[in-house]
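This report describes one protein chain, beginning with a local feature and proceeding to the chain as a whole. The sequence and structure are shown below.

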Amino acid sequence: MVVDPDGEPLEDVDQLLVLSPFPSSTSINNNGVGQLPMLSTTYTEFRGLAPRGDDVGYMWYEGVKNVVGPQEDEAVIVLDPSEIKGMNAARTVNMGGPLQ
């Protein structure tokens, strides 16, 4: 289940992504629930993606100190809305910098 810092289900989140140690993603339903394929290891870095409804298109949700271990079949992932200030697209692409 995907919830906000107050424990309320995040109904807007379309996708849940795990970044490390191995990338994976899943669709999230209107109740904040999804099934994320994971390997038998500990995952700690999660992100959520939700539509914004304006010209930006999507909004990122940052994970808040989540740890999902290899023996867990169910987990509650806490996400916090995070505004991205821009994108740096020089030699590499980085989120949060000015457009170049």
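## A hairpin between two strands

In this predicted model, strands S2 and S3 are joined by a hairpin through three residues. Strand S2 covers residues 15–20 and runs antiparallel to S3, with four bridges joining the two. One residue pair illustrates the register: Leu16 has Thr26 of S3 as its bridge partner.

## The two faces of strand S3

In a regular strand, side chains alternate between the two faces of the sheet. Strand S3, residues 24–27, shows this alternation. Ser24 and Thr26 point to one face and are buried, whereas Ser25 and Ser27 point to the other face and are not buried. Thr26, the bridge partner of Leu16, thus has its side chain on the buried face of S3.

## The chain as a whole

The chain contains eight strands and zero helices, giving the pattern β-β-β-β-β-β-β-β along the sequence. The chain has 100 residues, of which 27% count as buried. Its exposed area is about 6,800 Å², and carbon and sulfur atoms supply 49% of that area.

Of the contacts between residues at least 6 apart in sequence, 37% join residues at least 24 apart.

## The largest pocket

The volume of the largest pocket is about 390 Å³. It is lined by 22 residues, and those closest to its centre are Leu36, Met38, Asp73, Glu74 and Ala75. By residue class, the lining comprises 14 nonpolar, five polar and three charged residues.

Note on methods:
Residues numbered from 1 in each chain as written. Predicted model: local features only at pLDDT ≥ 70, side-chain atom pairs only at ≥ 80, totals over all residues. Heavy atoms only, no water. Buried < 20%, exposed > 50% of the residue type's maximum accessible area, 1.4 Å probe, protein only. Contact = heavy atoms within 4.5 Å. Areas by Shrake-Rupley, 256 points an atom, 1.4 Å probe, with all protein chains shown as cover. 1 Å grid on protein atoms, 1.4 Å probe; cavity = no way out; pocket = protein on both sides within 12 Å on 5 of 7 lines; lining within 4 Å. Points joined across faces, edges and corners; volume = space filled by probe spheres on them. Nonpolar A, V, L, I, M, F, W, Y, C, P; charged D, E, K, R; others polar. Pairing = 2+ DSSP bridges.
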